[in-house]
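This briefing is meant to be read with the model open beside it. Please keep the viewer at hand while going through the points.

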Amino acid sequence: MTNTALRLGTRRSKLAMAQSGQVAEAVRRVTGRPVELVEITTYGDVSREQLAQIGGTGVFVTALRDALLKGEVDFAVHSLKDLPTTQPDELVVAAVPVREDPRDVIVARDALKLTDLSSGARIGTGSPRRTAQLNAYARGHGLDISTVPIRGNVDTRIGYVRSGELDAVVLAAAGLNRIGRGDEVTDFLSVDTVLPAPGQGALAIECAAGNADLVAALAELDDPFTRVAVTAERSLLAALEAGCSAPVGALADLLADGQIVKEMRLRAVVGTTDGTRTVQLSTTGPVPETHDRATALGRELAAEMLAQGAAGLMGERAQ
C-alpha cells in the first residue's frame, strides 16, 4: 500500500461529518495512511420535500455511490439504514463496524418522558415507521397525541421543542451520541414500544469491489455480530419490498448467556401510520454463521408477516 491519502466520501451534514471523521480515524489506524474527507451534496440534503414523498431509499446514497464509481473517492461512509437493500455489483460493503445504540429517543420539553406526555401532545417525526408505532402506542394507552411531519438536521428538529412549537421530537440515539449530544435525550424509547429502522445505529463502509487491497484493509473494521444482525433486518425489509420510507421496524438482538452469544432474536413490525393496525412478529434461533443464513432468517419472518396481512398495511405495496 502506498502512503497517498485515501479519499473518504461523506455527506456534508454535521452528523455525517462526525461519523465519517470517526471512521477516518479508524482507517488511519489500520492502514497507516492519511484519510481526507471529501464532502458531497446528495439529493436528500437539498430537497425540502418529506422523505416519504421523494422515495426515501437512496436519496442520501446515490451521489456518494456515483463518486465511488467515477473514482472521485476511494470509499464512502453511509448510515446503513439509508442504503437501498439491493447492492450494486461494482461496489462492496467492506465493513459494518460495531453498532451504536439502535434505539429511538425523544427530546421533549421539561425533560418529559414518553409516559409523561399528556393527551394533545404534538410529537415531531418525518418517519412513517415512528409515526405508526407512536400512534399504536397512544391508542393502546388511551392517549390522544398528534404526530407532526418534520424534516431537517438535529438542530432544526430540537429547535421545534425549544421554541415551544412541539412538545417532543423523535430522533435516533446513535446520531445524537455520535455528535456528542446524547445528554439532550429525555427518554429512550423501549424497543418493545418502538422498533428501530432496519440497520439503525450501524454504519456501512463501501468501496469499489475491484480494489482488493482496500477491501481487505477496511474489512478489519467489520464486526461480524453487527453484520449478521443488520443482514437479517435488511433481508426482512427487502422481502417486504419496502423502502426506508415504509412503516417497517426491525431489530435483531444477540442473546448472550454470560459472555457467550447463544442466539439471535429478530423482531419486526409493520403498521398503518394511524396506528390502528399492526403486524408484529419475532423469531429466535441460533446466531447465523453465514450471510445466507442471516438472509434466510429475515426472509422467513417477512413471509410470516405477509401471510398475516403485512402488505396491505404498507402504502407502497397495498394491492
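Strand 10 is mostly covered, with five of its six residues buried, where buried means under 20% relative accessible area, exposed means over 50% and partly exposed lies in between (1.4 Å probe, protein chains only). Strands (E, at least two residues) and helices (H or I, at least four residues) are DSSP runs numbered from the N terminus. The model is predicted, so local features need pLDDT of at least 70 and side-chain atom pairs count only at pLDDT 80 or more, while totals for chains, interfaces and linings use all residues. Residues are numbered from 1 along each chain as its sequence is written, and side-chain values use heavy atoms, with hydrogens and water left out.

**The five-stranded sheet**

- Five strands form an open sheet of mixed pairing in the order 2-1-3-10-4, two strands being counted as paired if DSSP finds at least two bridges between them.
- The edges of this sheet are strand 2 (35-39) and strand 4 (91-95), each of which pairs on one side only, and neighbouring strands are turned by 35 degrees against each other on average, direction ignored.
- Strand 3 (residues 75-79) runs antiparallel to strand 10 (residues 203-208) and is joined to strand 10 by five bridges; V77 has I205 as its bridge partner, and A76 stands opposite E206.
- Strand 4 also runs antiparallel to strand 10, through four bridges, and L91 has A208 as its bridge partner there.

**Helix 1**

- Helix 1 (residues 14-31) has 18 residues and reaches 25 Å from its first C-alpha to its last, close to the 26 Å expected at 1.5 Å a residue, the expected span being 1.5 Å times one less than the number of residues.
- Its buried residues are A16, A18, Q19, S20, V23, A24, A26, V27 and T31, and what covers them includes strand 1 (6-10), strand 2, strand 3, helix 6 (173-178), strand 10 and helix 7 (212-218).
- After helix 1 comes G32, whose phi is positive, near 70 degrees.

**The three-stranded sheet**

- Another open sheet has three strands in the order 11-12-13 with antiparallel pairing; strand 11 and strand 13 stand at its edges with a single partner strand each, so one side of each is left without a neighbour in the sheet.
- The twist in this sheet averages 15 degrees from one strand to the next.
- Strand 11 and strand 12 are joined by 10 bridges, and A256 has V261 in strand 12 as its bridge partner.
- Helix 4 (residues 128-140) lies across strand 11, strand 12 and strand 13, running at about 80 degrees to strand 11; axes are lines fitted to C-alpha atoms, for helices over the stretch in contact (heavy atoms within 4.5 Å), with angles from 0 to 180 degrees between N-to-C directions.

**Nonpolar cores**

- The largest nonpolar core (buried Ala, Val, Leu, Ile, Met, Phe, Trp, Tyr and Cys residues joined through side-chain atoms within 4.5 Å) has 24 residues, and those with the most contacts inside it are L236, L240, V248, M264, L266, V270 and M305.
- Two or more residues of this core come from each of helix 8 (224-239), strand 11 (248-257), strand 12 (260-271), strand 13 (278-286) and helix 9 (291-307).
- Apart from this core lies another, of 17 residues, among them L6, V35, L214 and L221.

**The loop residue D274**

- D274 is found in the loop between strand 12 and strand 13 and, at 39% relative accessibility, counts as partly exposed.
- Not counting residues up to four places away in sequence, D274 touches N135 and R139.
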